Amino acid sequence: MWREPDRPSSRDRKQKEGPTKGSPLNDRPLGYTSMEKDITIRIEAPADIVLLRPLDILVRNLVEQLLRTSHDKLLDELELAFNEAYTNIYRHAYPSEDKGKISLEIRIGPNELEFRFEDEGLNFDPERVAPPDFENPGEGGLGVWIIRQVMDEYDYSSDDKGRNILRLIKRFPAAE
Amino acid sequence: MEVQEKDGITTITTDERLDAVVAPQLKDMVKKLAEEQKMKLIIDLAQTRFIDSSGCGALVASLRALLKNNGDMKIARPSPQAKTLFQLTRLHRVFEIFDDVEGARSSFKS
């Protein structure tokens, strides 16, 4: 059923030249510039679906510009993880029309990137999310599983003030 | 999203993103096609740079709606990101995926 493409893809572009650390990621040149120190960006926004795309694009652009990378796989994975986490909060933490807020922190450091989402909606137990049924795929429920596949750390907790905190970490390959 | 019909085959060309924003629209569109007995559908992903689990869910729902009515759905021209996600979620075993629209069209005739 699955076929490999015959045509060259417009997205199969070459890695940009740059002061790369030269670490391979899936046998491709990584081509990123390591940050010298952490940069943290904080955003507070209503958990509105109209913000999903603008924030998603902002995150992708931040990583692309700050790490000076055009590594599509890394950018795709970070964009996907961010998208799934935001969608889950919009959909499950605030299931009613009355949407609360999302506090978002993006930290890009020399060796890793961290997304920190905070909401004041309904909490959930990620350990109780059913694993995907690959033989009989459903129409939803894959978000948490996908995030776990593409990120290195997934940590969800709720505090006694009713805040739910999701921390996702993606580590970059070690510099030479 | 654009809908075109030619020789009894409907093609839906999705936009740049197939995510939670548009997934409900795609499901509604395909449900309406099934009600109109338009049972041969191609989803052309050529313009879709980004797809997420909501987009995948809408594609699964669309395939189910058509199969239930003896129809079928093919997927054409997925981006590298879409291919990677289909493989990760094993949906490449569920969907019939083609590198071009003509291949998808021909498969309805065979």
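**Exercise 1. Determine what share of the contacts in chain A between residues at least 6 apart in sequence joins residues at least 24 apart, and set beside it the make-up of the chain.**

Solution. Among the contacts in chain A between residues at least 6 apart in sequence, 67% join residues at least 24 apart, where two residues are in contact if their C-beta atoms, placed from the backbone, lie within 7 Å. The model is a predicted one, in which local features need pLDDT of at least 70 and side-chain atom pairs count only at pLDDT 80 or more, while totals for chains, interfaces and linings use all residues. Residues are numbered from 1 along each chain as its sequence is written, and chains are lettered from A and ligands numbered from 1 in the order in which they are written.

The next step is the secondary structure, which in chain A comes to three helices and seven strands; helices (H or I, at least four residues) and strands (E, at least two) are DSSP runs, numbered from the N terminus. Read from the N terminus on, the elements of chain A follow the order β-β-β-α-α-β-β-α-β-β. Of the 176 residues in chain A, 27% are buried, a residue being buried if 20 or more other C-beta atoms lie within 10 Å of its own, exposed if 12 or fewer, and partly exposed in between, with C-beta atoms placed from the backbone.

**Exercise 2. Work out the strand order of the open sheet of five strands in chain A, and identify its edges.**

Solution. The order is β3-β4-β5-β7-β6 of chain A, with antiparallel pairing, and two strands pair if DSSP finds at least two bridges between them. At the edges stand β3 (39-46) and β6 (153-158) of chain A, each of which has a single partner strand, so one side of each is left without a neighbour in the sheet. From one strand to the next, the twist averages 10°.

Starting from the β3(A) edge, eight bridges join β3(A) to β4 (residues 101-108) of chain A in the antiparallel sense. Within this pair, Ile39(A) has Ile108(A) as its bridge partner, and Ile43(A) stands opposite Leu104(A). None of the eight residues of β3(A) is buried, so this strand lies largely in the open.

Further along, β5(A) and β7(A) run antiparallel and are joined by eight bridges, with Glu118(A) opposite Ile165(A) in β7(A). The pairing of β6(A) with β7(A) is antiparallel over six bridges, and here Ser157(A) stands opposite Ile165(A). Five residues lie between β6(A) and β7(A) in the hairpin that they form, and Gly162(A) in the turn has a positive phi of about 80°.

**Exercise 3. Locate helices α1 and α2 of chain A relative to the strands that they lie across.**

Solution. Helix α1 (residues 52-66) of chain A lies across β3, β4 and β5 (112-119) of that chain and runs at about 15° to β4(A); axes are lines fitted to C-alpha atoms, for helices over the stretch in contact, and angles run from 0 to 180 degrees between N-to-C directions. Helix α2 (residues 72-93) of chain A lies across β4, β5 and β7 (164-171) of chain A, at about 10° to β5(A). Of the 22 residues of α2(A), 17 are buried, and the helix is thus mostly covered.

**Exercise 4. Characterise the packing of α1 and α2 in chain B, and then the side of chain B that touches chain A.**

Solution. Helix α1 (residues 23-35) of chain B packs on α2(B) at an angle of about 10°, with their axes 9 Å apart. That makes the two helices, α1(B) and α2(B), roughly parallel, since angles under 35 degrees count as roughly parallel, over 145 as roughly antiparallel, 65 to 115 as roughly perpendicular and the rest as oblique. The residues that make the contact include Leu26(B) and Val30(B) of α1(B) and Ala58(B) and Ala61(B) of α2(B).

Turning to the interface, 27 residues of chain B are in contact with 28 residues of chain A. On the chain B side, α2 (53-68), α3 (80-88) and β7 (96-98) each supply at least two residues, and the largest share, six residues, comes from α2(B).

**Exercise 5. Decide whether Asp7(B) is buried or exposed, and place it in the chain.**

Solution. Asp7(B) lies in the loop between β1 (2-6) and β2 (9-13) of chain B. With 8 other C-beta atoms within 10 Å, Asp7(B) is exposed. The C-alpha atoms of Asp7(B) and Phe86(B) are separated by 29 Å, and these residues are 79 apart along the chain.
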